[in-house]
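Please open the structure in your viewer and keep the selection panel at hand, since each stop on this tour begins with something to select.

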Amino acid sequence: MILLLTVRESPRETTSAPQDPAVAARVPPRLLAAIALFTLGNSTDALLILRAQTLGIATAQLPLLWALLHLARSLLSWPAGRVADRLGRRRTLVAGWLWYAACYAGFALARAPWHAWALFAAYGLVAALTEGAERALIADAVPPEARGRALGLYNLITGAGLLTASIVAGYVWDRFSPASALLLGAALAVAASAVLAPASRPTGRAPAV
């Protein structure tokens with residue numbers, strides 16, 4: 001008992017070396033470049049509502065069209081999560097960007113009101129595939145203690161990109177045509193997929209359930 005009372009346990013030394021915050025917060029340039037490129041073509045969804053009106057959708061039906069988009073997004077979120085578990089986040093994000101490009105090209109080429117209904121339902125899959133994948137890839141690319149700074153950088157890039165994308169898309173819409181603005185978004189999404197797809201390995205992959 002006396003020995004137990006007198007012997008003191010020395011504090012354990014941490015084996016991990018301190019990290020330079022600037023190095024710890026460094027996100028792979030390819031990932032940042034791909035996200036920035038996609039964001040430049042990811043203009044406000046209000047343009048899709050305007051496109052639906054040009055296809056003959058009545059103003060009274062626009063709230064139903066918007067509700068369809070969110071319903072599709074909710075219903076597809078769980079299956080999209082299962083796909084991400086199997087493919088990995090990087091491949092899922094590339095798939096989501098390519099689907100975005102296909103939807104935007106569809107909006108550009110659409111000619112009938114029913115095309116708008118079908119495309120809004122299909123567009124719900126984009127958010128299901130991409131919303132969580134981008135942030136997860138950024139978070140997995142850096143050590144846990146640097147995730148706040150990395151996500152802050154991500155939000156800065158996407159925020160500035162979304163504002164720029166909406167301004168550019170609005171200009172192209174007015175100066176040229178709605179189809180040109182939508183095809184520009186589709187082209188930038190394909191370019192972003194081409195930048196991210198050949199990465200040497202996935203930045204992070206969710207474990208299979």
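A residue is called exposed when its relative accessible area is over 50%, buried when that area is under 20%, and partly exposed in between. Keep these cut-offs in mind from the start, because arginine 111, at 61% relative accessibility, lies over the 50% mark and therefore counts as exposed.

**Stop 1: the whole chain**

Begin with everything selected, and remember that what you see is a predicted model. The protein has nine helices and zero strands, so that a cartoon view, followed from the N terminus on, reads α-α-α-α-α-α-α-α-α. Of the 209 residues in the protein, buried ones make up 39%. If you look at contacts between residues at least 6 apart in sequence, 85% of them join residues at least 24 apart.

**Stop 2: colour by confidence**

Next, colour the model by pLDDT, the predictor's confidence in each residue on a scale from 0 to 100. The mean pLDDT of the protein is 83, and 83% of its residues reach 70 or more. Among the elements, select helix H9 (residues 178–196) to see the highest mean pLDDT, 96, and then helix H1 (residues 2–6) to see the lowest, 40.

Now select residues 1–25, where pLDDT stays under 50 and where the model has twelve contacts beyond four places in sequence. Select residues 200–209 as well, a stretch over which pLDDT also stays under 50 and for which the model has 19 such contacts. Where pLDDT is low, the predicted coordinates should not be read in detail.

**Stop 3: the nonpolar cores**

In soluble globular proteins, nonpolar side chains tend to be buried together. Which residues have the most contacts inside the largest nonpolar core? Select Trp97, Phe120, Tyr123 and Ile138, which hold that place in a core of 41 residues. The elements that give two or more residues to this core are helix H3 (29–41), helix H4 (46–54), helix H5 (62–87), helix H6 (89–109), helix H7 (113–140), helix H8 (147–175) and H9. H6 gives the most, with nine residues.

Zoom in on phenylalanine 120 and show what surrounds it: leaving aside residues up to four places away in sequence, phenylalanine 120 touches Leu48, Ile49, Ala52, Leu65, Trp66, Leu68, Leu69 and Phe107. Apart from the largest core lies another, of five residues, and you can find it by selecting some of its members, among them Leu47, Ala169, Trp173 and Ala181.

**Stop 4: a buried serine in a loop**

Select serine 43, which is found in the loop between H3 and H4. Is serine 43 buried or exposed? With a relative accessible area of 7%, which is under the 20% cut-off, serine 43 is buried. Not counting residues up to four places away in sequence, serine 43 touches Tyr100, Tyr104, Ala165, Ser166 and Ala169.

**Stop 5: the largest pocket**

Select Phe38, Asn42, Thr130, Glu131 and Leu162, which, of the 18 residues lining the largest pocket, lie nearest its centre. About 430 Å³ of space lies in this pocket. H3, H7 and H8 each supply at least two residues of the lining, and H7 gives the most, with seven residues. If you colour the lining by class, you will find seven nonpolar, six polar and five charged residues.

**Stop 6: the loop between H6 and H7, and the helix after it**

Return now to arginine 111, found in the loop between H6 and H7. Its C-alpha atom is 6.3 Å from that of leucine 55, although the two residues are 56 apart in sequence. Arginine 111 touches Arg51 and Leu55, again not counting residues up to four places away in sequence.

Move on to tryptophan 114 in helix H7, which is exposed, with a relative accessible area of 58%. The C-alpha atoms of tryptophan 114 and leucine 55, which are 59 residues apart along the chain, are separated by 8.7 Å.

**Stop 7: valine 195**

Finish at valine 195, in helix H9. Valine 195 is partly exposed, because its relative accessible area of 26% falls between the two cut-offs of 20% and 50%. Beyond residues up to four places away in sequence, valine 195 touches Arg30, Ala34 and Leu37. Draw a distance from the C-alpha atom of valine 195 to that of isoleucine 35, and you will find 9.3 Å between two residues that are 160 apart along the chain.

Key
Residues are numbered from 1 along each chain as its sequence is written. This is a predicted model: local features need pLDDT of at least 70, side-chain atom pairs count only at pLDDT 80 or more; totals for chains, interfaces and linings use all residues. Side-chain values use heavy atoms; hydrogens and water are left out. Helices (H or I, at least four residues) and strands (E, at least two) are DSSP runs, numbered from the N terminus. Contact means heavy atoms within 4.5 Å. A nonpolar core is a set of buried Ala, Val, Leu, Ile, Met, Phe, Trp, Tyr and Cys residues joined through side-chain atoms within 4.5 Å. Buried means under 20% relative accessible area, exposed over 50%, partly exposed in between (1.4 Å probe, protein chains only). On a 1 Å grid over the protein atoms alone, a cavity is a set of points where a 1.4 Å probe fits but cannot get out, and a pocket is an open set with protein on both sides within 12 Å along at least five of seven lines; lining residues have an atom within 4 Å of a point. Grid points are joined across faces, edges and corners, and a volume is the space filled by probe spheres set on the points. Ala, Val, Leu, Ile, Met, Phe, Trp, Tyr, Cys and Pro count as nonpolar, Asp, Glu, Lys and Arg as charged, and the others, Gly among them, as polar.
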